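Please open the model in your viewer and keep the sequence panel beside it, so that you can select residues by number as we go. We will move from stop to stop, selecting a few side chains each time.

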Amino acid sequence: MVFCWGKEEVLSMRESAIHPSIRQHSAQESDPSFSRRSIVQRFAVNFEYPVLFTHDLFAPGNPVLPEAISPGASPPSLAIYLDGGLHAADPQLCARITAFLSSHSDLRLAGPIEIVAGGEDIKNDPHALEKIYRQLLKRRLDRHAYVVSIGGGSVLDLVGFAAATFHRGLRHIRVPTTVLAQNDAGIGVKNARNAFGVKNLIGSFQPPWAVIIDAAFLQTLPDREKRAGLAEAVKVALIRDRDFFFWLEENAGRLASFDAEALDRLIYRCAMLHMRQIATGGDPFELGNARPLDFGHWAAHKLESLSGHQLRHGEAVAMGLALDTRYSVLAELLPKGDERRVFDLLRRLGFSLWHPALALHDAAGRPLLLEGLREFREHLGGELSVTLLNGIGQGVEVSHIEPALVARAAGWLRRESGAAI
């Protein structure tokens, strides 16, 4: 399946750009003390990349990876980065990848497969990015080369940022291997690393060359990692797809036990909704303030750091979803009772919806969680825009969050979760 996005436009130049003297003459007439000239050029670039679904990507004869790579005059070079967690779970994977590429004379592995730290460790390591740059430079990769990242969302983020900025952009193929990466983090156009204690502070918008989703990789995941990815499915259903939310409710038991067919359907639906948002949401590079795909994330990102990253991203997102859904009811945006449906679904999927980080305060008694709003606003560009709900499957943007209602929503989560007060 190929998803295309971008508005078709013809390269154009305004008349004043073709004839700058017209604008200069006009400026002199209106104010003879100033002489101004300008050239205004407008152009558009269409982006297209496929999201490909397969099983056992590196099995002999599987054509998906070779077909995702454009043929050239000489065999293209591939630099491959592998998530350390995946390598530990499947020590023979490197040998299978090497054997697979050796059987294709039209592909060339540029140097050994590099094993990198998984999880937030790679995004927090200030030296990890420079190390990748040095490896790419040593292998003399040019802009027709491919960087293939295989792993969870953090590995895709950091390696993707390196690929996007080395030589101003190498071709990046993402192979997400976790539920969260396959249904959310690995699908879009963002790359990033953490810095100065702030998540995703440094990054870029760069669409991948291709995304390849291999269901077989999910078999290597521990249950906790599989479960964490389910939160993003609830998120996208809540803001964009009411029927999908109903399906999640109906299939919560199968999903909680990680039924392969149910997971496959979930990931495919999430990928389609995610790509639709990028293609038709009107702001693929996030030049504005709205971030509908970040529903529940202003709190989630802060909870990750407040917990010392004891919480997985998806676990924190589940708490953020429950918090913002309850807030939506308290703010009289969402009908009362809908927050109970969301809370119950997340619990049935196996999520805990309370963590002591939700109750942390600073020396003046202010909830530390609310710092997440300030950080989220700065990330947006200074103006706050938070997605809430005014219906199941329908998100709405608000520009103000009332701290007292956040505290009440957190208190509700604590009571409903049965946490000690």
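## Salt bridges and a helix face

Begin by selecting Arg224 and Glu315, whose side chains meet in a salt bridge with an N to O distance of 2.6 Å. In this predicted model, the pair links distant parts of the chain, since Arg224 lies in helix 10 and Glu315 in helix 15, 91 residues apart. Glu315 is buried, with a relative accessible area of 13%, whereas Arg224, at 35% relative accessibility, counts as partly exposed.

Next, select Glu249 and Arg341, where another salt bridge is found, again with 2.6 Å from N to O. This pair, too, links distant parts of the chain: Glu249 belongs to helix 11 and Arg341 to helix 16, and their positions lie 92 residues apart in the numbering. Here Glu249 is buried at 18% relative accessible area, while Arg341 counts as partly exposed at 29%.

Stay with helix 16 and select residues 338-348, then colour the buried ones, which are Asp338, Glu339, Val342, Phe343, Leu345 and Leu346. If you turn the view until you look down the axis of helix 16, these buried residues fall within an arc of 165 degrees, so they line one face of the helix. As a general point, an α-helix has 3.6 residues a turn, so residues three or four places apart point the same way. What covers the buried residues of helix 16? Show helix 10 (223-240), helix 11 (242-250), helix 12 (252-256), helix 15 (313-330) and helix 18 (403-417), which are among the elements that do so. Just after helix 16 comes Gly350, which has a positive phi, near 105 degrees.

Now move to Asp157, which is found in helix 8, residues 153-165. Is Asp157 buried or exposed? Its relative accessible area is 13%, under the 20% limit, so Asp157 is buried. Leaving aside neighbours within four places in sequence, Asp157 is in contact with Lys123, Lys190, Asn191, Ala192 and Asn200. With Lys123, the side chain of Asp157 forms a salt bridge of 2.7 Å, N to O; the pair links distant parts of the chain, Lys123 being in helix 6 (residues 120-124), 34 residues from Asp157 in helix 8. Both partners, Asp157 and Lys123, are buried.

For a last group of charged side chains, select Lys302, Glu371, Arg374 and Glu375, which are linked in a network of salt bridges. The structure holds 19 salt bridges, but zero disulfides. To finish, select two cysteines: Cys94 is buried at 16% relative accessible area, and Cys270 is buried at 1%.

Key:
Residues are numbered from 1 along each chain as its sequence is written. This is a predicted model: local features need pLDDT of at least 70, side-chain atom pairs count only at pLDDT 80 or more; totals for chains, interfaces and linings use all residues. Side-chain values use heavy atoms; hydrogens and water are left out. A disulfide is a pair of cysteine sulfur atoms within 2.5 Å. Buried means under 20% relative accessible area, exposed over 50%, partly exposed in between (1.4 Å probe, protein chains only). Helices (H or I, at least four residues) and strands (E, at least two) are DSSP runs, numbered from the N terminus. The arc is that of the directions from the helix axis to the C-beta atoms. Contact means heavy atoms within 4.5 Å. A salt bridge is a side-chain nitrogen of Lys or Arg within 4 Å of a carboxyl oxygen of Asp or Glu.
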